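Work through the exercises below with the model open beside you, and try each task before reading its solution.

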Amino acid sequence: MNAHAAASSASAPVSVCLGAERLCKRYGAVQANSDISIFIAPGEIHAVVGENGAGKSTLMRILQGIEQPDSGRIIVDDRDVRFSGPGHAFELGIGMVHQEFMLAPDLTLLENLVLGDEPLVRRIGPVSRIDWEAALASGRELAGRTAVEVDWSRRSGGTPVHIQQFVEIIRLLRRGARILILDEPTAVLAPQQVEDLFSLLRKLREDSTTILFVSHKLKEVMALADRVTVFRRGEVCYSSPVADTDIDTIAGHMIGEAGDRTHPASSRRKGAVGEIVLEARRLTTPALEKSHPLHGVDLQVNEGEIVGLAGVSGNGQSELVECLVGLRAVSDGAIFLAGDDITNLPNRDRRELGMGYVSANRRDEGLALAASVEANVVAGSQRKAPINRHGLLDLAAMRRQAGQRLDLLAVRYGALGDAASSLSGGNQQRLVFAREIASDPKLLVVSQPTRGVDLKGIAAIHAILRRFRDDGGSVLLVSEELDEILELADRIAVMANGRIVGQLQAEEADVAKVGRMMLTQGGTDD
Amino acid sequence: MTEIAAARRFDAIAWFDKGIGLAFPFVVALAVASAVLLAVGENPIDVFSLMAAESFGSTRRIAATLSAATPLLFTGVATAICFRSGVFNVGVEGAFVIGGLCGAFVGFSLPAGFGLALIPLAFAFAAIGSALWLSVPGYLLARYEVDEVVSTLMLNFVAFGITGYLVNGPLLSEISGNNVTPLVHEAAQLPRLLPPSTVHAGFLVGLVLVVAYGLWARRTPSGFEGALVGHNRRFSKAIGISIPATIVLVMVISGIVAGMGGASHALGQLHRFADGFSPGYGFTGMAVALLGRNTATGILLGAILFGALASAGTTVQLFSDIPLDIVNIIEGTVMIFAVVELGRLSLRRWRGAS
Amino acid sequence: MLKSTAIAGGFAALSLGMAMPAMAADVAPAALIIAQGGLGDGAWNDTANAGFEAGLAKTGVEGRPIESKDVAAQGEEIMRRAADGGFGLVISLEWIHGEPMEKLAVDYPDANWVIMNQTRKGDNVASVVFAEHEGSYLAGALAAQVTTDTSIKGINEDAVIGVIGGVKAPGIDKFIVGYIQGAQAINPDIEVKVAYSDSFGDPAKGQQMAKAMFDEGADIVYQVAGGTGIGIIEAAKAAGHYAIGVDTDQDGMAPGSVLTSVLKRVDVAVENVIEAYAQGEFPGGEIMDFGLAQNGVALSDMNHTKDMIPAAYLEKVAQLEADIIAGKIDVWDVSSEGYPEFFK
């Protein structure tokens, strides 16, 4: 591919819409990108896959103009460019859809759509009036092209995530983006919504929008992309048209030779189900700002089983979890842990009674990222022996405990004193498990345990959960990854609209059945 | 993994960086002061060596520096306890004067016959008074999420008002034309450590508290919990730490320490309470805590640094034409860059995390 | 850097070519410790420093003013350092330095020590006190004459005047009682409104309180409240009535609206002390009482108001001053005599 030759004749059709050649980027001692070359043709959907820390995010930051490469070239429309900043990249038509949406929660969708580029009735200096009709018309026009229903007058904070994502995408298009970079766009979506997103992206491809699609999920890549590029350890290790490859090949390149994946069928619980460990009866919470109320949730988790709680995000799962672990007050109903009524106990007492909690929000709730690995893994045990001796912390015992806990789950870390943020996503999550399992709880409430974790990490975390269950522990597993629930759970409860709308034994469940329950029993609206 | 190896190699750099970080504000301050001195036609090297001699040049000068550092040990610790738990208590100043008044009150109002028992009584009364004082904004923050910066700042003015009223009215010394209480009894006065220098036993009390603070922070469950709460409240709550209890606890300890500082100043230094009791020890204590990164050693060094600036800054005027303003410039610059440095570090941490 | 004092003093004498006592070159330098508030307060500290500099210039003694942010707690260390550093005269303007000075004077018998507004023991300690009550007496007498003279702009017929003190304390009531006594000497039935602002640094409060007094019929208000008094002067200007300034000449703060100011001539006192010291006649162990007779207290020159005050009133004030100096009138001193019958 010769970019210079193409650039010399401006009228010729471009062969590379967005690309990078021999790109290198180093952060301190870490070589995040090493000799990366990737070329995306116009109107192509190009998937980039790779484990966490493989260098995908660094490349995305460089292609958006946020970071400058140490060496190598960036190519836009066959020309070499040097981004002066994110604004420059955007001027050239490169738009990024982040995992966390960049919408102002208190503005309406329409206001968000035009924010920063408002159509004006006429320009009279700073007092120009915004032409809301024109704004609405442009929003409707873009939505109409893609057959998505949008209530433009809603506040974006109260809007389902797939609609937010949609608005985010068409906002970029409206402002002239012709190359979209999507960072794990399906992570927050239900199966049906994923399909909607894909048809939107395909439609955009027909309108000659170029798409760079970052994902962990190979099935989606196979379903959507034209071409796939695999990153490993900062390098491109594989690239192929999707039509010429298959999942196993791609996965092999992602994981390298060390990858091993346990097959779901082999992992089911063997013994009989024991006593009831967790019971929620008619759990109800009031509607509060930014939360979904619960409408009488009934749920049981027995000894030695993993109960998977499936549902489209925002249907009350996170609220239920918070009620169970004691971070949210219930207005009605009761919670029992191994027969003890814990409805009104603070979360500290619940932990004493044998409840562990792996938060969905690893960065803010699961860990104190700025604190040391040691502090994170012993946190919660500071008042118990052997760390606490006669009211003082035994620092040697604390170090020992921390080391043992981390080793038990093979957490890879530099030194105990390093900040938890220095660990990779998967190791951070293992650290959380190491802490929660250390107190030998009866029940683990686990929410989105593998979000943002690479394949190897996912396998390890799944193994941890299975081992815990096989040792007689109980798990309530809340996940938006239906595959994960199907793979791990012995029993599946489906939540929609603040209620449990159905339960299935694992043997009788499949994606279609559970997905239908999730979506047909009420949407995300109240 | 390469990242882990990298993290280990960074360790040495991080330590080096930390050392620079501590000295950095001071170096900048000296540079700024040098520029000012050159501009007014003074030789900075002469001035700084005179200041060094006036702060540490002889036993007496060292004693004077330690004397000036004494209140800062207390206010530095009282501030650091809260800051490390993420509670931005700026009310140490108010708690210090409340403690000073309480301590002085016990020292002159109880019969002199109590003898040496007056000292522990005065410290206890001051500690209780200031602990109650700061427990109010602590409770308001813990229970109603009333912003502690606003509430403690406002309470400072209330403290100045109350003490100002009492020292101008009910507790006014009968023999004085100024706003001071009577002197505390002889027995209640803290002994001097290196007579005739004014450094008194309160300095030792301050040292003990700095050490106790270091132990508390590193070696007790509640100190551990405080640090976690400072790092991340949501996380701390999720692992079973009571945020309200931690907030109230650190505010109460902060009050106890600040109150004891006030008592030490009243019994050891002024031997009474007076208008102008604290020229802002609480606020300088914030700079000490920031500069010392909330560590016990850092607080000790920070207090001595500011103590040296205060004592030398005054007496150099006897032997040169350097105005107090130069010292104020150095102090102010150290404070600003202590805060800037803090911001720079947390920015880098934030970048590193994302 | 301070060189050998004798040489420096000698050079100063030569270079300035000033006539001065011969022994001045032999005396150790002097230090003036500035009180809370610091230099630039436009009042106590600045006035004293002016007298200090005048005294140094006149005698050829070398000396320096010393400031500290923490003057209350550091006073003892500063004074000790001065004595250690070879200073022969240490003057403190800070009230709270009285006790430590008493002890230091014992440790350093060769140095000379001066404290203000209180009396301290020691053969080498001079205590400077001011007869503020005498100056206030004259102000009260002037105000009592003016307050019923409706020919003067802004004056009503009521025999009502006011005074606002910073706090209720003997040191302040000394002024107030003198003022009342002086007013009653002119008109025994006069009503003197008394109030306390409970602050020395709150101009807004001073303004409010003065306005309230003006609304109640007073047309002249004496301020004995430091920085709070600035608001009292503001209020007088706004209401078209009169304020009386205190300590320093505040007539110029609102020309025409400040009837007069009761001056505390700390500059005179400091200058006197330095002169005595330079001549080897330091009044150790004495109480130096600066009253009307010593020109230690006085009314201001009234540059902005003397033309509108009938000459007879000023003559009456001058007569009273002469009587006080002559001992014919005894003005009540709260600080030494306690409270009189007519004032609680």
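**Exercise 1: the nonpolar core**

Task: In this predicted model, find which residues of the largest nonpolar core touch the most other members.

Solution: The largest nonpolar core holds 362 residues, and those that touch the most other members are Leu476(A), Leu477(A), Val77(B), Ala143(C) and Val221(C). Turning next to the elements that supply this core, helix α10 of chain B, residues 243-270, gives the most, with 15 residues. Finally, take Leu477(A) and set aside its neighbours within four places in sequence: the residues in contact with Leu477(A) then include Ile306(A), Val307(A), Gly308(A) and Leu309(A), as well as Val446(A), Leu465(A), Ile485(A), Leu488(A) and Ala489(A).

**Exercise 2: the fold of chain C**

Task: Establish how many helices and strands chain C has, and why chain C can be called as compact as a globular protein of its length.

Solution: Begin with the secondary structure of chain C, which comes to 11 helices and 12 strands. The globule rule gives 20 Å for 344 residues, and the radius of gyration of chain C, 21 Å, is close to that value, so chain C is as compact as a globular protein of that length. Then consider the interior, where buried residues account for 56% of the 344 residues of chain C. Among contacts in chain C with a separation of 6 or more, 66% join residues 24 or more positions apart.

**Exercise 3: domains of chain C**

Task: State which residues form each domain of chain C, and how far apart the C-alpha centres of the two lie.

Solution: The domain assignment places residues 5-116 in domain 1 and residues 132-264 + 298-337 in domain 2. The C-alpha centres of these domains of chain C are 33 Å apart, while the C-alpha trace of chain C spans about 65 × 40 × 35 Å along its principal axes.

Definitions and conventions: Residues are numbered from 1 along each chain as its sequence is written. Chains are lettered from A and ligands numbered from 1 in the order in which they are written. This is a predicted model: local features need pLDDT of at least 70, side-chain atom pairs count only at pLDDT 80 or more; totals for chains, interfaces and linings use all residues. Helices (H or I, at least four residues) and strands (E, at least two) are DSSP runs, numbered from the N terminus. The radius of gyration is taken over C-alpha atoms; the globule rule is 2.2 Å times the number of residues to the power 0.38. A residue is buried if 20 or more other C-beta atoms lie within 10 Å of its own, exposed if 12 or fewer, and partly exposed in between; C-beta atoms are placed from the backbone. Two residues are in contact if their C-beta atoms, placed from the backbone, lie within 7 Å. A nonpolar core is a set of buried Ala, Val, Leu, Ile, Met, Phe, Trp, Tyr and Cys residues joined through C-beta atoms within 7 Å. Domain bounds come from an automatic or database domain assignment.
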